[in-house]
Amino acid sequence: MAFFLQILTDPTKRIATSMESYHFYGIDGTNEIYQCGIFPSDESSIATTRDMASQIKKDKTVLIKNHSINRKDYFPSVAIHSNKGHVFQTNKRLDLDQDKISLFYNPPLVSLADVDASPKKKLVSVKATIDKVFQQREGSSWKRKDIMISNEDNSKRICLKLWGDQATAVTDTDEGSSILVKNASVDKYRSKTQINTTEITSVEVERGVVPSEDTTTEQEIIGASETGSDIYFATESDNITVPRSVFNNMHTNLQEFIGQLPMKLLISYENGHVTQVTPPDAAAVGADEPAN
């Protein structure tokens, strides 16, 4: 079987047990998108694998022969083994659905609940709160950092795995910050949903700005979550870490607080840390009360 494929991404190299393979996405004439890989059959065919990968260039159309297709995941996978597969460059242009291609490059933002319900290998974009950053792990040819992310009310938590250079995009000081992940791949492991970054994933951490001196500012809080001993407030531009002891002085629980959002609060800092959270009207009442 042979088929034409327009290349959507340049090939990227992966190394496992000293054997390198090359991976890319492509779309065929029926507008079906495939996740493709070129694999060496043994160490002696690594050079051939590299030569085949050099034929793969984004936006070009190739003819692929002697390959195998697995359709169990969201994107069918195409395996091309260098000892029997062939990749040919062509001048053919396919009549493709440009809206589908645009959706591939820019998947819309979805909720973590939607991610949990998504099939394996589907590409998604999410915006969430960083709950926990785990220690980076490394091998001879790979590195990975796992982080737990949650939605605004902390009702859904999913592990996000940052691979390669993206592992350095998040540090443990980012706990409580918002993270925007575009074009990540859904994975299923032991019946649990995870998200893996890929070569086409972008990661942006929206770090809050903490005042370095003692001050009180009025902020409009639009979201809140909790992790461990801290509560996190979200504004349009920043994320604010509030010690649980400070939050408890508001005499409310988190769910009741979220139910009143959005809400303007006076946030007081000492040495860069939140020490008091007060509704503006309560501060005004306190200021007007006569001294005994």
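Let's start with the second largest pocket: its lining splits into nine nonpolar, eleven polar and five charged residues. This is a predicted model, so keep that in mind throughout. The pocket holds about 450 Å³ of space. It has 25 lining residues, and those nearest its centre are Lys127, Ala128, Thr129, Glu152 and Ser178. Three elements give two or more residues each to this lining: strand 9 (123-133), strand 17 (223-227) and strand 18 (230-234). Strand 9 has the largest share, at four residues.

**The other spaces**

The largest pocket has a volume of about 1,000 Å³. Its lining counts 38 residues, and Arg14, His23, Trp163, Thr197 and Glu199 are the closest to the centre. Several strands give two or more residues here, namely strand 2 (12-16), strand 3 (19-27), strand 4 (33-39), strand 6 (68-70), strand 7 (77-81) and strand 13 (178-189). Strand 2 gives the most, with five residues. By class, the lining of the largest pocket comes out as 13 nonpolar, 15 polar and ten charged residues.

What does a search of the whole structure find in the way of cavities of 30 Å³ or more? There is one. This cavity has about 90 Å³ of space. Its lining is made up of Thr9, Asp10, Thr12, Arg14, His23, Phe24, Tyr25, Gln35, Thr198, Glu199 and Ile200. Strand 2 and strand 3 are the elements that give it two or more residues, and the largest share, three residues, is from strand 3. Arg14, His23 and Glu199 are worth picking out: they are among the residues lining the cavity, and they are also among those closest to the centre of the largest pocket.

Here are the three spaces side by side.

| Space | Volume | Nonpolar lining residues | Polar lining residues | Charged lining residues |
|---|---|---|---|---|
| Largest pocket | about 1,000 Å³ | 13 residues | 15 residues | ten residues |
| Second largest pocket | about 450 Å³ | nine residues | eleven residues | five residues |
| Largest cavity | about 90 Å³ | three residues | five residues | three residues |

**The nonpolar core**

Strand 9 turns up again in the largest nonpolar core, where it gives the most, with five residues. This core has 20 residues, and the ones touching the most other members are Val126, Ile147, Ile149, Leu160, Val170, Ile179 and Ile195. At least two residues each are supplied by helix 3 (112-116), strand 9, strand 11 (143-150), strand 12 (157-163), strand 13 and strand 15 (202-206).

**Strand 14 and its partners**

Is strand 14 (residues 192-196) largely enclosed or largely open? Four of its five residues are buried, so the strand is largely enclosed by the rest of the structure. Strand 12 and strand 14 run parallel, joined by three bridges, and lysine 161 stands opposite asparagine 196 of strand 14. Strand 13 and strand 14 run antiparallel, joined by five bridges. Tyrosine 189 has lysine 192 in strand 14 as its bridge partner. Two residues sit between the strands of this hairpin, and arginine 190 there takes a positive phi near 50 degrees.

**A three-stranded sheet**

Elsewhere, an open sheet of three strands has the order 16-20-21 and pairs in antiparallel fashion. Strand 16 (215-221) and strand 21 (273-278) stand at the edges with a single partner strand each, so one side of each has no neighbour in the sheet. From one strand to the next, the twist averages 35 degrees. Strand 20 (residues 263-270) is joined to strand 21 by five bridges, and the two run antiparallel. Glutamate 270 has histidine 273 in strand 21 as its bridge partner.

**A loop residue**

Last stop: lysine 122, which is found in the loop between helix 3 and strand 9. Where does lysine 122 fall on the accessibility scale? Its relative accessibility is 28%, so lysine 122 counts as partly exposed. The C-alpha atoms of lysine 122 and aspartate 95 are 23 Å apart in space, and the two residues are 27 apart in sequence.

Notes
Residues numbered from 1 in each chain as written. Predicted model: local features only at pLDDT ≥ 70, side-chain atom pairs only at ≥ 80, totals over all residues. Heavy atoms only, no water. Pairing = 2+ DSSP bridges. Axes fitted to C-alpha atoms, helices over the stretch in contact; angles between N-to-C directions. 1 Å grid on protein atoms, 1.4 Å probe; cavity = no way out; pocket = protein on both sides within 12 Å on 5 of 7 lines; lining within 4 Å. Points joined across faces, edges and corners; volume = space filled by probe spheres on them. Nonpolar A, V, L, I, M, F, W, Y, C, P; charged D, E, K, R; others polar. Core = buried A, V, L, I, M, F, W, Y, C linked by side-chain atoms within 4.5 Å. Buried < 20%, exposed > 50% of the residue type's maximum accessible area, 1.4 Å probe, protein only.
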